[in-house]
Every structure is written in structure tokens, then in C-alpha cells.
Amino acid sequence: MKLRWMRAPGIFRILFPDFTWRYNSGVKKVYLTFDDGPIPESTLWTLNMLKEKNVKATFFCVGENVHKYPELFQEIIHAGHSVGNHTYNHLRGWSADTQLYIENVIMASDLIDSKLFRPPYGQIKKSQAKHLLPEYKIIMWDVLSGDYRKDISPEECLNDVLKKVRPGSIILFHNHLKTEANMRFAVPRLIDELKLRGYEFDVCQ
Ligand SMILES: [Zn+2]
């Protein structure tokens with residue numbers, strides 16, 4: 001069930017038309033996003049790889065990780081990437097009380113100076129979104145990489161993303177211990193292939 005939701009089917013896009021699911025500028029650009037960091041084991045590698053490829057991305061950070069690794073968070077910003085709020089404790093919106101949820105986002109905003117927000121697990125209630133939308137642009141995705149999946153190989157992870165990507169796509173990867181193998185294989189190869197196909201990379205805004 002979770003996987004099915006994570007694919008962000010049409011019904012949720014209809015329920016939340018104010019969210020950004022993809023950029024429709026008509027330009028051949030894609031938007032790489034990395035959720036759940038910063039953590040040294042994954043984010044440092046990601047930053048080095050992006051630097052090598054000369055690509056900018058957007059990092060949706062968890063407040064408690066920023067609190068633990070403030071220098072790493074600063075490294076993301078100094079490298080010219082964009083950052084977004086992903087709650088302080090990676091809360092699951094559907095089971096979280098709305099007031100607690102909003103307070104958790106505000107707590108993260110003390111550490112993460114950004115007008116971008118992405119709900120963990122893609123789960124958010126209407127009542128929560130209503131509170132956040134005046135302050136935040138809520139950035140979802142149209143291409144979910146299977147970097148967290150244990151039932152696919154790194155090659156399948158890469159090929160699946162390549163099949164789904166289109167101009168304006170927002171592509172979701174993770175900076176998480178559980179997603180390392182697929183992510184480390186797929187992202188550099190994805191960047192190379194998309195460059196060959198004439199795509200540019202931009203940050204969410
Ligand atoms: Zn997350």
C-alpha cells in the first residue's frame with residue numbers, strides 16, 4: 001500500500017492541486033531532490049558526486065539531523081544547493097495531530113531557512129496543508145526512485161527512473177543508510193544519461 005501511495009497517483013494530485021508535482025516550464029530541465037539528510041554517511045558522498053558532475057540539487061532536510069550535523073548542513077548551502085524543510089522528526093502526517101505537526105515544522109524552520117516543504121512519506125492532511133501553504137511551497141515529485149526498495153537491483157532502480165523522467169520532472173532520492181546501494185549506483189549514471197539526452201539540472205524554488 002505504501003509503495004502505491006508513494007507513486008503519487010493522479011487522485012492525490014487532484015486533491016492537492018496547490019502542491020508542486022512537476023515544473024511545467026516547457027524547458028528540458030529536471031530537479032534532483034534528496035530527502036532525509038543530512039547524514040555524513042550519505043550526504044558527503046552526494047555532495048562530492050554532485051560537485052564532480054557540476055549539478056545542483058535540492059535537499060529536504062530533517063531538523064534533528066541538521067541539529068546533529070550543522071556543519072554538513074552548511075556544506076550543502078555553501079555548495080549552492082537548495083534546501084527544504086522535511087519536519088523536525090520526520091513525522092507521518094496522516095497519523096500526526098495537526099497542531100503538533102505544524103509545531104514540528106516550525107521547530108525545523110529554526111534550523112532550516114527555506115520556503116520549501118516536503119511532507120515525509122508524502123503524507124499530509126488537508127488541515128496541515130492549509131496551515132503550511134501560506135508560508136511554504138509544498139514540493140512533491142513525479143518520479144519516485146526505488147532507492148529504498150530491497151526487491152530491485154541498482155540497475156533496475158536506474159532504468160526505472162530513466163523510463164519515467166520527462167521535462168520538468170522532480171526526482172526523489174534519499175540520503176538514508178537504507179537507500180545507499182541503489183542511490184550511489186543510480187544517481188551518477190542518471191545524471192550522465194540525462195545530460196546526453198539534453199537535460200539541464202535545476203533546484204526547486
Ligand atoms: Zn523523508
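Good morning. I begin with the lining of the largest pocket, which by class has eight nonpolar, seven polar and seven charged residues. Please keep in mind throughout that this is a predicted model.

The volume of that largest pocket is about 400 Å³. Its lining comprises 22 residues, and those closest to the pocket centre are Asp36, His90, Tyr121, His174 and His176. As for secondary structure, the elements that contribute two or more residues to this lining are helix 1 (2-6), helix 4 (63-68) and strand 7 (170-174).

Two of the residues just named, Asp36 and His90, lead us to the metal site. Which protein atoms are the donors of the zinc ion? They are the OD of Asp36, the NE2 of His86 and the NE2 of His90, and they lie 2.0 to 2.1 Å from the zinc ion. Along the chain, these donors follow the spacing D-x49-H-x3-H. Asp36 and His86 link distant parts of the chain, being 50 residues apart. Asp36 sits in the loop between strand 1 (29-35) and helix 3 (40-53), while His86 belongs to the loop between strand 3 (82-85) and helix 6 (98-109). Are these two donors buried or exposed? Both Asp36 and His86 are buried.

Let me now turn to strand 1, which comes before the loop that holds Asp36. Strand 1 is mostly covered, with six of its seven residues buried. Which strands does it pair with? I shall take its partners in turn.

With strand 7, strand 1 pairs in the parallel sense over five bridges. Within this pairing, Tyr31 stands opposite Ile170. Strand 7 has already appeared as one of the elements that give two or more residues to the pocket lining.

With strand 2 (residues 58-61), strand 1 shares three bridges, again in the parallel sense. Here Thr33 has Thr58 as its bridge partner.

With strand 8 (residues 200-201), strand 1 is joined by two bridges, and these strands also run parallel. The bridge partner of Lys29 in strand 8 is Glu200.

Finally, what unit do strand 1, helix 3 and strand 2 make? They make a right-handed β-α-β unit. The loop that carries Asp36 lies between strand 1 and helix 3, and Asp36 is both a donor of the zinc ion and one of the residues closest to the centre of the largest pocket.

To close, I would ask you to locate Asp36 in the structure, and then to find the other two protein donors, His86 and His90. Thank you for your attention.

Key: Residues are numbered from 1 along each chain as its sequence is written. This is a predicted model: local features need pLDDT of at least 70, side-chain atom pairs count only at pLDDT 80 or more; totals for chains, interfaces and linings use all residues. Side-chain values use heavy atoms; hydrogens and water are left out. On a 1 Å grid over the protein atoms alone, a cavity is a set of points where a 1.4 Å probe fits but cannot get out, and a pocket is an open set with protein on both sides within 12 Å along at least five of seven lines; lining residues have an atom within 4 Å of a point. Grid points are joined across faces, edges and corners, and a volume is the space filled by probe spheres set on the points. Helices (H or I, at least four residues) and strands (E, at least two) are DSSP runs, numbered from the N terminus. Ala, Val, Leu, Ile, Met, Phe, Trp, Tyr, Cys and Pro count as nonpolar, Asp, Glu, Lys and Arg as charged, and the others, Gly among them, as polar. Donors are N, O and S atoms within 2.8 Å of the metal (3.2 Å for Na, K and Ca); water is not among the atoms, so sites may look incomplete. Buried means under 20% relative accessible area, exposed over 50%, partly exposed in between (1.4 Å probe, protein chains only). Two strands pair if DSSP finds at least two bridges between them. A crossover is right-handed if, with the strands pointing away from the viewer, the path from the first strand over the helix to the second runs clockwise.
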